[in-house]
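Me: Could you take a close look at one part of this structure, the largest pocket, and describe its lining together with the parts that contribute to it?

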Amino acid sequence: PDGKNNYAALAVPAPPSARAAPAEAAAPAAPPQVTIGALVLDKLRADYLDRSVSPPFSVKLSALSGRIAPVRWPADRSAKVDLSGRVDAAPLTVRGTVRPAGSRATMDLAIVLQGLDLLATSTYFAKYAGYPVTKGKLSLDLAYSLADRKLDGKNVVVVDQLTLGDKVESPDATWLPVKLGLAILTDKRGRMELDLPVSGDLDDPEFSVGKIVLRALVNVLEKVATSPFALLGAVMGDDSAPPPDRVPFAVGSSTLTPGQLEALSALVGPLSERPALRLAVGGTYDGPTDGEALARQRLVSRFKDELKRG
């Protein structure tokens, strides 16, 4: 409930009497030489429970099987990783190579999760987004590489048929327009795909994969709040010419020019591809400027009528 992991309590510090004084500390021994032909997992199961949210979040890793081979320490070459299992009912695979060699450690891993039911995450959505989940599936395609203490990662997140319930009150919920963001990002098949790259230096105390991914998600929602039409153009693959958020008319006129009609037509594709979006159009006018132009038009019309009558 306090937000801490219970495994942190497993390490019990030695009593003071058992600790050697710095002057008496023995010289560090050479690291042991360890060689294991293969580390084999057979139907491993682990249950994760987060009591920091209410109701608690629960997810189960099950049937994790496969091998990591060879395992050597000190590591003179990479070990091949080939694991598969399930997260709840969703298939999970972890494949690639790792070399646990301290500061020279390397990694090249691909992690794929397919179709995790998002109902399990409804507690988090309600707390941080202000809406519970009533339906949806999550798939992940992650690729991480590590070399020279530099981590580079690709996070492709696919959410399918995500449906949110009624708004709930939560002091931790974001003020950003969550539902508008989902409407812009979700296509007519009910599918939303996000590409969230990660990179950083492991020696940087401020570096955190989770924080970077979260910041990327918040950036998307902030763009929804500040530049929804630009984001709509971006997700439709056209950053250079986003759909217009306003269309100016000539003073005193209600006629659209061919160029303005063409600009408005840019909305047709995005709106047809994003059926959850609703477009509200509001009209404005400049009283003095438009009023003067309309008065001139009426005056010109009267002159023309008088001329026609001779």
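Reply: What follows describes the largest pocket, then one helix of its lining, and then the aromatic contacts of another.

This is a predicted model, in which local features need pLDDT of at least 70 and side-chain atom pairs count only at pLDDT 80 or more, while totals for chains, interfaces and linings use all residues. Residues are numbered from 1 along each chain as its sequence is written, and side-chain values use heavy atoms, with hydrogens and water left out.

The largest pocket holds about 1,600 Å³ of space; a pocket here is an open set of points on a 1 Å grid over the protein atoms alone, where a 1.4 Å probe fits, with protein on both sides within 12 Å along at least five of seven lines. Its volume is the space filled by probe spheres set on the points, which are joined across faces, edges and corners. Counting as lining any residue with an atom within 4 Å of a point, the pocket has 38 lining residues, and F125, V157, V213, L214 and L217 are those nearest its centre. Two or more lining residues come from each of β7 (106–117), α1 (122–128), β8 (133–147), β9 (150–164), α2 (178–185), β10 (191–195) and α3 (209–226), where helices (H or I, at least four residues) and strands (E, at least two) are DSSP runs numbered from the N terminus. Helix α3 supplies the largest share, eight residues. By type, the lining comprises 32 nonpolar residues, five polar and one charged, with Ala, Val, Leu, Ile, Met, Phe, Trp, Tyr, Cys and Pro taken as nonpolar, Asp, Glu, Lys and Arg as charged, and the others, Gly among them, as polar.

Helix α2 is largely enclosed by the rest of the structure, because six of its eight residues are buried, namely V178, G181, L182, A183, I184 and L185; buried means under 20% relative accessible area, exposed over 50%, and partly exposed in between, with a 1.4 Å probe and protein chains only.

Helix α1 also carries Y124, whose partner F57 lies in strand β3 (residues 57–69), so that the pair ties together parts 67 residues apart in sequence. The two rings form a tilted aromatic pair, 4.9 Å centre to centre with 50° between the planes; rings of Phe, Tyr and Trp (its six-membered ring) pair if their centres lie within 6.5 Å, and planes under 30 degrees apart count as stacked, over 60 as edge-to-face and the rest as tilted. F57 is buried, at 11% relative accessible area, whereas Y124 is partly exposed, at 22%. Together with Y48, F57 and Y124 form one aromatic cluster.
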